[in-house]
Amino acid sequence: MAAGFTFAHLDVINDRYNPKGTVAPESARFPARGAQFDFCCLFSIFTHFYKEDIQHYLYEIRRVLKPGGLVVATWFLYDDERLPKAIGSPVYPMAHRLDEVTIYKEPSDPLRAIAFDENHVRTIVKNAGLEVVRIDRGKWAGEEAVEFQDFVILRRPEDRVRVQLRSLAGRAKRALMRRAPSGRCSAARPRPAHHGRGR
Ligand SMILES: C[S@@+](CC[C@H](N)C(=O)[O-])C[C@H]1O[C@@H](n2cnc3c(N)ncnc32)[C@H](O)[C@@H]1O
């Protein structure tokens, strides 16, 4: 394992991967304090989750990310236009419907491969206090693409107070620079005190 990394294992229930787990996904708490990480990645994880559990994980992710921190997560996403392609996918034909925003491949094993309405994903991302930076569609529904699953980049927005303070500091600095004769910031470099006359 690379230096600086440690693994923390959580025994979370997943119908497909860990049916005998002991922790319900909706009450899982990441063993980490808040605002600790710059980056979070979930490759082929939300493609095996129910929507309520994704919502809860997004809250947890937002909690442990630093403001400005990024998430890369893969999903299977559809919208009205893509739905026929998702249903007819050559690899994961999402021919079964669980609810109004969820379709899946295997009747006996919904978490084998599960897809969500993109608008719903955007909503739960927003609910969690995160923002969508970009979505790059993959080729799972038969379209041309580099990756197989859909890649979604999210961000925890900067705190508003922090942004305001930074912009205030920038404005104060610019004002001081304008006032300083040689372009130097006089307030930042205090002059030595005068000692007597004739200097
Ligand atoms: C298809 S595998 C992907 C594994 C790996 N990320 C990769 O890209 O090869 C799906 C993974 O989701 C993990 N998983 C299932 N439920 C989970 C949960 N509630 N929290 C975290 N991981 C979970 C499973 O342990 C499994 O390793």
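Let's start with His48 and the company it keeps. Setting aside the neighbours within four places in sequence, His48 is in contact with Asn14, Arg16, Tyr17, Leu111 and Ile114. Please keep in mind that we are looking at a predicted model. Where does His48 sit in the chain? His48 belongs to the loop between strand E1, residues 37–42, and helix H1, residues 51–64. Is His48 buried, exposed or partly exposed? The answer is partly exposed, because His48 has 18 C-beta neighbours inside 10 Å, and a buried residue would need 20 or more. Pro31 is a useful landmark here: Pro31 and His48 are 17 residues apart in sequence, and their C-alpha atoms are 22 Å apart in space.

Now follow the chain from that loop into H1. Helix H1 meets helix H3, residues 118–127, with the two axes coming within 8 Å and crossing at roughly 35 degrees. The crossing of H1 and H3 is right-handed. Who makes the contact? From H1 we have Lys51, Ile54, Gln55 and Leu58, and from H3 we have His120, Ile124, Val125 and Asn127. Sorted by character, the residues of this contact are four nonpolar, three polar and one charged.

Let's stay with H3 for a moment. Which residues of H3 are buried? They are Glu118, Val121 and Val125. Looking down the axis of H3, these buried residues fall within an arc of 55 degrees, so they line one face of the helix. Here is a handy reminder: an α-helix has 3.6 residues a turn, so residues three or four places apart point the same way. On the other side of H3, Asn119, Lys126 and Asn127 are exposed. What do the buried residues of H3 pack against? Their partners are H1, E2, strand E3 (77–78), strand E6 (109–117), E7 and E8. After H3 comes Gly129, with a positive phi near 85 degrees.

Several of those names bring us to the sheet. Four strands form an open sheet with mixed pairing, in the order E1-E2-E8-E7. Why do E1 and strand E7, residues 131–136, each have one side without a neighbour in the sheet? Both stand at the edges and have a single partner strand each, so one side of each is left free of a neighbour there. From one strand to the next, the twist averages 15 degrees.

Last stop: strand E2, residues 65–75, pairs with strand E8, residues 150–155, in the antiparallel sense over six bridges. To find this pairing on your screen, look for Trp75, whose bridge partner in E8 is Asp150. Thanks, everyone!

Definitions and conventions
Residues numbered from 1 in each chain as written. Predicted model: local features only at pLDDT ≥ 70, side-chain atom pairs only at ≥ 80, totals over all residues. Helix = DSSP H or I, 4+ residues; strand = E, 2+ residues; numbered from the N terminus. Buried ≥ 20, exposed ≤ 12 C-beta atoms within 10 Å, placed from the backbone. Contact = placed C-beta atoms within 7 Å. Axes fitted to C-alpha atoms, helices over the stretch in contact; angles between N-to-C directions. Left-handed = near helix turned anticlockwise from the far one by under 90°. Nonpolar A, V, L, I, M, F, W, Y, C, P; charged D, E, K, R; others polar. Pairing = 2+ DSSP bridges. Arc of directions from axis to C-beta.
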